[in-house]
Amino acid sequence: GTSTAFMSMEKQKQMKLWDSVLETQLDPYWTLMESLALAPGAGKHVPVRLHTSKSVAVLPIPVFQSEGVPTTVEDLIRQEFPLLAVQGARLREQFSVRWQGVEVDLSAPLWWLHAHGSYLDHFLALVLRVA
């Protein structure tokens with residue numbers, strides 16, 4: 001991670017963020033955190049916590065692939081579980097991925113899921129359920 005996005009915030013917004021943490025005010029906190037998460041250059045990686053029935057993997061996943069295309073849930077699965085991804089087109093039939101309890105389309109960009117549903121620890125939690 002980097003502090004660049006936070007340090008480039010106006011001093012007043014920085015103080016408001018810290019005050020919202022100290023006073024446990026979640027609305028101002030999430031408003032400011034969303035602006036940080038969506039800021040250009042906010043980060044090169046999405047911190048992902050991927051839960052399976054046997055383990056939990058903590059992974060820094062690049063926001064973009066080498067071609068500048070956003071990294072998707074499917075890209076994550078193909079990278080971390082190549083044996084599941086061997087059959088290509090049948091990939092979607094072999095498992096499901098849940099985010100906040102909802103099944104996620106494999107074409108969803110990880111940065112979008114992170115910006116709209118990361119936990120207070122700033123990790124994107126996904127659950128892989130093999131069929």
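1. Before anything else, a word on pairing: two strands count as paired if DSSP finds at least two bridges between them. Helices (H or I, at least four residues) and strands (E, at least two) are DSSP runs, numbered from the N terminus. With that in hand, here is one pairing to look up: in strand 5, the residue bridged to histidine 51 is valine 127.

2. Some housekeeping. You're looking at a predicted model, in which local features need pLDDT of at least 70 and side-chain atom pairs count only at pLDDT 80 or more, while totals for chains, interfaces and linings use all residues. Residues are numbered from 1 along each chain as its sequence is written, and side-chain values use heavy atoms, with hydrogens and water left out.

3. Now the overall layout. The protein has 6 helices and 5 strands, and along the sequence they come in the pattern α-α-α-β-β-α-α-β-β-α-β. Of its 131 residues, 34% are buried; here buried means under 20% relative accessible area, exposed means over 50%, and partly exposed is in between (1.4 Å probe, protein chains only). As for contacts (heavy atoms within 4.5 Å), take those with a separation of 6 or more: 49% of them join residues 24 or more positions apart.

4. On to the sheet. How are the 5 strands ordered? They form an open sheet in the order 2-1-5-3-4, with mixed pairing. Strand 2 (56-62) and strand 4 (102-103) are the edges, each pairing on one side only.

5. Strand 1 is a good place to start tracing. Residues 45-51 make up this strand, and it pairs with strand 5 (residues 124-130) in the parallel sense over 4 bridges. With strand 2, strand 1 pairs in the antiparallel sense over 7 bridges, and a hairpin of 4 residues joins strand 1 to strand 2. Leucine 50 lets you see both pairings: its bridge partner in strand 2 is alanine 57, and in strand 5 it is leucine 126.

6. The side chains of strand 1 alternate too. Val46, Val48 and Leu50 point to one face and are buried, whereas His45, Pro47, Arg49 and His51 point to the other and are not. Arginine 49 lies over the face of phenylalanine 123, at 4.2 Å from the ring centre. The rule for that is NZ of Lys or CZ of Arg within 6 Å of the ring centre and within 35 degrees of the ring normal.

7. Next, strand 3. It is largely enclosed by the rest of the structure, because 4 of its 5 residues are buried. Strand 3 pairs with strand 5 in the antiparallel sense over 4 bridges, and valine 97 stands opposite leucine 128 in strand 5. Strand 3 also pairs with strand 4, again antiparallel, over 2 bridges; tryptophan 99 has valine 102 as its bridge partner there. These two strands form a hairpin with 2 residues between them, and glutamine 100 in the turn has a positive phi of about 55°.

8. What packs on the sheet? Helix 4 (residues 73-80) lies across strand 1, strand 2, strand 3 (95-99) and strand 5, and runs at about 120° to strand 2. Helix 6 (residues 110-117) touches strand 1, strand 2, strand 3 and strand 5 as well, and its direction makes about 120° with that of strand 5. For these angles, axes are lines fitted to C-alpha atoms, for helices over the stretch in contact, and values run from 0 to 180 degrees between N-to-C directions.

9. Stay with helix 4 for the salt bridge, as the structure holds 1. The term covers a side-chain nitrogen of Lys or Arg within 4 Å of a carboxyl oxygen of Asp or Glu. Which residue does arginine 78 form a salt bridge with? The partner is glutamate 74, with the closest N and O atoms 2.7 Å apart. Arginine 78 and glutamate 74 are 4 residues apart in helix 4, so about one helical turn separates them. Arginine 78 is partly exposed, at a relative accessible area of 32%, while glutamate 74 counts as buried at 15%.

10. One last stop: threonine 72, in the loop between strand 2 and helix 4. Is threonine 72 buried or exposed? At 15% relative accessibility, threonine 72 counts as buried. Neighbours within four places in sequence aside, threonine 72 is in contact with Leu106, Ser107, Ala108, Pro109 and Leu110.
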